[in-house]
Amino acid sequence: QLTYPSGTATAHLINSFHTPQGAKLAKKQVRMLGRFFSFSFLWSFFQWFFTGGDNCGFSNFPTFGLKAYQYKFYFDFSATYVGVGMICPYIINISVLLGGILSWGIMWPLIETKKGDWFPADVESSSMHGPQAYKVFIAVAIILGDGLYNFCKVLSRTLSGLFVQLRSTSSRASFTVEEDPTASPYSPKQSYDDQRRTRFFLKDQIPTWFAMGGYIIIAATSTAILPHMFHQLRWYYILVIYICAPVLAFCNAYGAGLTDWSLASTYGKLAIFTIGAWAGSEHGGMLAGLAACGVMMSIVSTASDLTQDFKTGYLTLSSPRSMFISQVIGTAMGCVVSPCVFWLFYNAFDDLGLPNSEYPAPFATVYRSMAKLGVEGVASLPRECLVLCYAFFGVAILVNIVKDSLPSRWGRFVPLPMAMAIPFFLGPYFAIDMCVGSLVLFVWERVDAAKAGAFGTAVASGLICG
């Protein structure tokens, strides 16, 4: 029931070419999609000519002034995120913008004034001993608070729904969307087409025993093999990761459904910190943390990617089993292709990963700094960082409770903590793009609601795909 903007755009692109009825409207939608696809592609091509390196070109234009640009408040002329904003609900885009204003507009400038008090004055802004620690760990706290709340809520609704179905004499009646215990609280009433899609999708489900058995087999295989590849990574570290990963994978899939952002790297950073601290510096904690990051990111990113593909399959009346088998084939290909590509780069460039080289791999420095921090423990975090994490974890849960407690007509105006957390470490620039997309759709609906309803998704899909 979540949006999954990229999955929805892909499904719309597929359906536009395979609609058995409404051929006239379908042709117009395809024409509109093609027009904005071309515009988006040509606009990106045009921008490329004015990009001379990092922080250069249209995507880094100081739209609101240099001081605002310093705190990542600018419009980066991205057709992709304008399209995403047209597909995402208004409350998602507003929540992302509010998160950007709260963090980069208020919190980070205030924390910078504590330089020399809360953290060393000479530390780099990207260091995990300085401002970067607040950005990363406060965002993680909000995401975990919101994700765990929704996980418990969905799980309780699912269990209660199953209990009611087992006790009900009409448990074999046809399943309708209105009975779905896990339906999102802001989902509109479903049409006949969506009810049909749901019945078709649930008819071809992957058996639970297969999913659980497959996960256990993969966990056992990883636990047995990985310690031989990375001697610092103990087998019980991997086992703990596989026990905790399903909850984090749910959080990631839920967040991706709301905002189109996969936060696998965030959960990877969490694994670096926890496993690195657990292993300690004397037992290769840095390498253990980095290897654990790879394991965690593989699990949580696959969860969001596969669920997004299921959204596409749901909208195109495709078999979930076919989608799953396609993912297995693609993953198997990746196991061969990705190491080969890395091997080519590793042999072609002697300075791969070094600063000021053609391929400096800046995230390598960031992740190594995190691993070093994880080994040194929580005590090495800047002052008040842990307190702020606790506070925002609680606030995320409280906001969700308030949202669910209010009547739906008022609760729909309460921002979503998961969406607010994303700009905490990325910046608000993409939120501005998304809000521009919302504004375009809002004005279009006021001018011509019929055309906006018929062609809005086609225009958004064209902007994203182009």
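**Exercise 1. Locate Glu384, describe its backbone, and trace its salt bridges.**

*Solution.* Glu384 sits in the loop that separates helix H13 (362–376) from helix H14 (385–405); helices here are DSSP runs of H or I with at least four residues, strands are E runs of at least two, and numbering starts at the N terminus. The model is predicted, so local features need pLDDT of at least 70 and side-chain atom pairs pLDDT 80 or more, while totals for chains, interfaces and linings use all residues. Residues are numbered from 1 along each chain as its sequence is written, and side-chain values use heavy atoms, without hydrogens and water.

Step 1, backbone. Most residues other than glycine have a negative phi. Glu384, although not a glycine, has a positive phi of about 70°.

Step 2, exposure. Glu384 is partly exposed because its relative accessible area is 31%, the class between buried (under 20%) and exposed (over 50%), with a 1.4 Å probe and protein chains only.

Step 3, partners. The side chain of Glu384 meets that of Arg383 in a salt bridge (3.5 Å, N to O), a term that requires a side-chain nitrogen of Lys or Arg within 4 Å of a carboxyl oxygen of Asp or Glu. Arg383 is partly exposed, at 44% relative accessibility. Asp117 joins Arg383 and Glu384 in a network of salt bridges.

**Exercise 2. Characterise the salt bridges of Asp194 and Asp204.**

*Solution.* Step 1, the total. The whole structure contains four salt bridges.

Step 2, Asp194. Its side chain pairs with that of Arg197 at 2.6 Å, N to O. Both residues belong to helix H7 (residues 192–203) and are three residues apart, about one turn of the helix. Asp194 and Arg197 are both buried.

Step 3, Asp204. This residue forms a salt bridge with Arg321, with the closest N and O atoms 3.3 Å apart. Asp204 lies in the loop between H7 and helix H8 (208–229), and Arg321 in helix H12 (residues 320–348), so the pair ties together parts that are 117 residues apart in sequence. Arg321 is partly exposed, at 40% relative accessibility.

**Exercise 3. Determine the geometry and burial of helix H19.**

*Solution.* Step 1, length. H19 (residues 449–465) has 17 residues and reaches 24 Å from its first C-alpha to its last, close to the 24 Å expected at 1.5 Å a residue; the expected span is 1.5 Å times one less than the number of residues.

Step 2, bend. H19 bends by about 50° at Phe455, the angle being taken between axes fitted to the seven residues ending there and the seven starting there.

Step 3, burial. The buried residues of H19 include Phe455, Gly456, Val459 and Leu463.

**Exercise 4. Relate the annotated transmembrane regions to the model.**

*Solution.* Step 1, the record. An unreviewed UniProt entry annotates "transmembrane region" at several spans, among them 32–50, 90–111 and 235–255; such annotations may be inferred rather than shown by experiment.

Step 2, the spans. Residues 90–111 are 100% helix and 0% strand, with end C-alpha atoms 30 Å apart. For residues 235–255, the end C-alpha atoms also lie 30 Å apart, and the span is 100% helix and 0% strand.

**Exercise 5. Place Leu317 and describe its phi.**

*Solution.* Step 1, position. Leu317 is in the loop between helix H11 (285–315) and H12.

Step 2, backbone and exposure. Its phi is near 55°, a positive value in a residue other than glycine. Leu317 is partly exposed, with a relative accessible area of 30%.
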